[in-house]
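Please look through the sequence and the three-dimensional structure below, and keep both in view while you read. The paragraphs that follow lead you from one part to the next.

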Amino acid sequence: MSLEENLKDELNPEQYRAVTTVDGPILIIAGAGSGKTRVITYRIAHMLEKGIPQSQILALTFTNKAAKEMSERIKGLTGKKLQNLTVSTFHAFGVRILRQDIEQLGFRSNFSIYDETDRSALIKETGRELKFTADALDVYKIGCLFSDIKTGRKNWESANDMYRSLYEGYQEGLKLYNAVDFDDLITLPIRLFREHPDVLARYKERYRYLMVDEFQDTSHQQYEMMRLLADRNVAVVGDDDQSIYSWRGADYQNIINFEKDFPGVTEIRLEQNYRSTGTILAAANGVIKHNTNRKDKELWSGNGSGRPIEIYMPENEAAEADFIAESIQGICAEEKRHYDEFGVLMRANTQSRPLEEAFLENNIPYTMSGGTSFFERKEIKDIISYLRVIANHDDDINLLRIINTPRRGIGRSTIESVNKVAGTLGVSLWEALKAIIAAPEDECPVSAGTRADLEAFTSLIEGNKSMLGGKGLSKKVQALVDDINYFDYLIGEYPKSEKAARFKYMNIESLIKSMEQWENNPEHEDTSLYAYLNRITLLSRDDLDDGEEDKGKVNLMTVHASKGLEFPVIFIAGAEEGLMPHARAVEEGGDTAVEEERRLFYVAVTRARDRLLISSCQHRRRMQATVECEPSRFLDEIPANLVKYHEPSKEVGSEDAHEMLQNMLKNLAHPRVPKL
DNA sequence: CGTCTCCAGGTTTTT
DNA sequence: CCTGGAGACG
């Protein structure tokens, strides 16, 4: 077979060993740009060639994007249909397990999955019932606390005990509404495996070969899930220098645990970088070596040294955006590059606005990945909430969202009385609604008119039952959207801007369009509403469109979202103290946080193949005020001989750069010019 | 009792 | 800018 013959030619010796070591535990430390994805995909292809059945292989990733890319590349490599190969995110895999076996934990298999918005709503709801005061109810913080508790990062001894009852109420709510949150997608399968060894045995029986990508970003829970499933044929691939998710529970100490838990690990290091110029690599190495707690390694490259790294110091974020847009135009013309060869990276989503404006102004097509997830947009959530309630009537949180959206005369006090009934009967709101509707006139807690409104609502939901039975989902959803007059509702909601309303309606149309594509894809056998809902809660916007649309466009994204990607030209926007490293992170996490921020910067730098341009604004709008900014400390960590500094207008040679920077710093420390 | 209007506040990163 | 909440109004 040609693939086998080619392996030795296509791979360096370490890569070859990583690909062909199929039995036993193996730890692959893969530096940035060392051909990690290549190794993983070749490894799976090689296993398939060797006759290992698809169904025995389980590859776990962190993002849907990575999962999708991986299976596509394997498909391309083998030319096979991969119907039985499991390439999935940890969370999606959790959903799969729960869909099968959650009944053993007392949930029903049509459970809803609550995202952050739903979680906040449930916390708020529970808090109100338990009479928490408004200022004790910081739902964002409490949500984080609950997540820490649930995943074992905190316990009640060390945490604020006053939220304990709230947590219990929250958990009861989930159970009553037949819903699970994101953390449950990992912790419930673990519980299932522990409490029901027969279930675990079934999965172990099936999956004989495990592979985990981005291993440095596994949380303890995810590691535990992997450990339970794995026998000995488990390959993990990671790079401690690219661990950037500790705030989400990732702990690259798992690399050390792995060596302990799986005796006889083969360790392979991939340190040859195929991606970047020598200059870019030297810069990356220079930065990352300031971290104390890391496996010592140095990437090297056979590529030429390339152009110096350019650092610009624009006046403010608008100037920065103009500079980036104009540079893109310039480089496109000069070097005959296409727009899709550019990546513009930022620390926070809030930085995107001026950049997007500049791109629009300069007629530069762009795509932005990440950002508020498509499925978190209000209008999308509304429609999805309908679908959720149709699939799972007991989902109170989603029911509350839509019961009066669009307005149908069911206001606060009506909901309060329904809630009361639900409380006394110990049932979900839906059951309470049914009880109220069925109650005899004199025992009914609401007026006859209100009761009619409630009944109209329940029959609307029940009237869409046919959605459950596969076939033609998108058409039915379109009919529902028409039926509830959602467009008119939007027009009414945004009286000042019909454009906004139309934009939102467009989003709904693209939702329905994507639904149609999904159900017409022959690879998707189960096109029921359940299947659809289980899938989409875990998706973000970039998973929606099919890649074709992104051709020829500049890629705007957060550094986090850029992990695993590469672009010939990279811009890093906002390399300032307070943003990189982010002030909030430093505040909360101290030195460890700075190290993580440094890794983040390292990830950003190593995305670049040929050219790297970094900008650091002198001023930036934060909230209402304009504040002075200092250049990021990470810029000083790049060896000075690799860098060419630019002032807003005139260029300077690298000899003068250091002195100039010092002067700038001095000026920033003692500004002579009053703020505008 | 429901709806409308105005006002304040604001998320670093994602499944 | 946009969302969500509080309070006034019909």
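Two helices, H18 (412-425) and H26 (583-606), each supply at least two residues of the surface near DNA strand B, where helices (H or I, at least four residues) and strands (E, at least two) are DSSP runs numbered from the N terminus, and near means that a heavy atom of the residue lies within 4 Å of the molecule or strand. The model is predicted, so to speak of a local feature pLDDT of at least 70 is needed, and side-chain atom pairs count only at pLDDT 80 or more, while totals for chains, interfaces and linings use all residues. Residues are numbered from 1 along each chain as its sequence is written, chains are lettered from A and ligands numbered from 1 in the order in which they are written, and side-chain values use heavy atoms, with hydrogens and water left out.

In all, 25 residues surround DNA strand B, and the closest are Glu 116, Arg 347, Asn 349, Ser 413 and Thr 414. The largest share of this surface, three residues, comes from H18. By class, the surface near DNA strand B divides into six nonpolar, twelve polar and seven charged residues, where Ala, Val, Leu, Ile, Met, Phe, Trp, Tyr, Cys and Pro count as nonpolar, Asp, Glu, Lys and Arg as charged, and the others, Gly among them, as polar.

Which parts of DNA strand B do the atoms within 4 Å of the protein belong to? Sugar or phosphate accounts for 59% of them, and bases for the rest. Individual polar contacts (pairs of N or O atoms within 3.5 Å; within protein, one must be able to donate a hydrogen and the other to accept it, and residues adjacent in sequence count only if both atoms are side-chain atoms) can be followed in the model. A side-chain N or O atom of Trp 247 is 3.2 Å from a base oxygen of DNA strand B, whereas a polar backbone atom of Gly 411 is 3.2 Å from a phosphate oxygen of that strand.

Around DNA strand C the residues are Lys 124, Arg 353, Tyr 494 and Lys 504. Two of the lysines can be placed by distance, for a polar side-chain atom of Lys 124 lies 2.7 Å from a phosphate oxygen of DNA strand C, and one of Lys 504 lies 3.0 Å from a phosphate oxygen of DNA strand C.Away from the DNA, Glu 125 is found in helix H6 (residues 116-129). Is Glu 125 buried or exposed? Glu 125 counts as buried because its relative accessible area is 12%, and buried means under 20%, exposed over 50% and partly exposed in between (1.4 Å probe, protein chains only). The side chain of Glu 125 makes a polar contact with that of Arg 128, at 3.0 Å.

The largest nonpolar core (a set of buried Ala, Val, Leu, Ile, Met, Phe, Trp, Tyr and Cys residues joined through side-chain atoms within 4.5 Å) has 51 residues, of which Leu 387, Phe 457, Val 477 and Leu 511 touch the most other members. Helix H16 (residues 378-391) gives this core its largest share, eight residues. A second, separate core of 42 residues includes Ile 102, Val 199, Tyr 203 and Leu 228.
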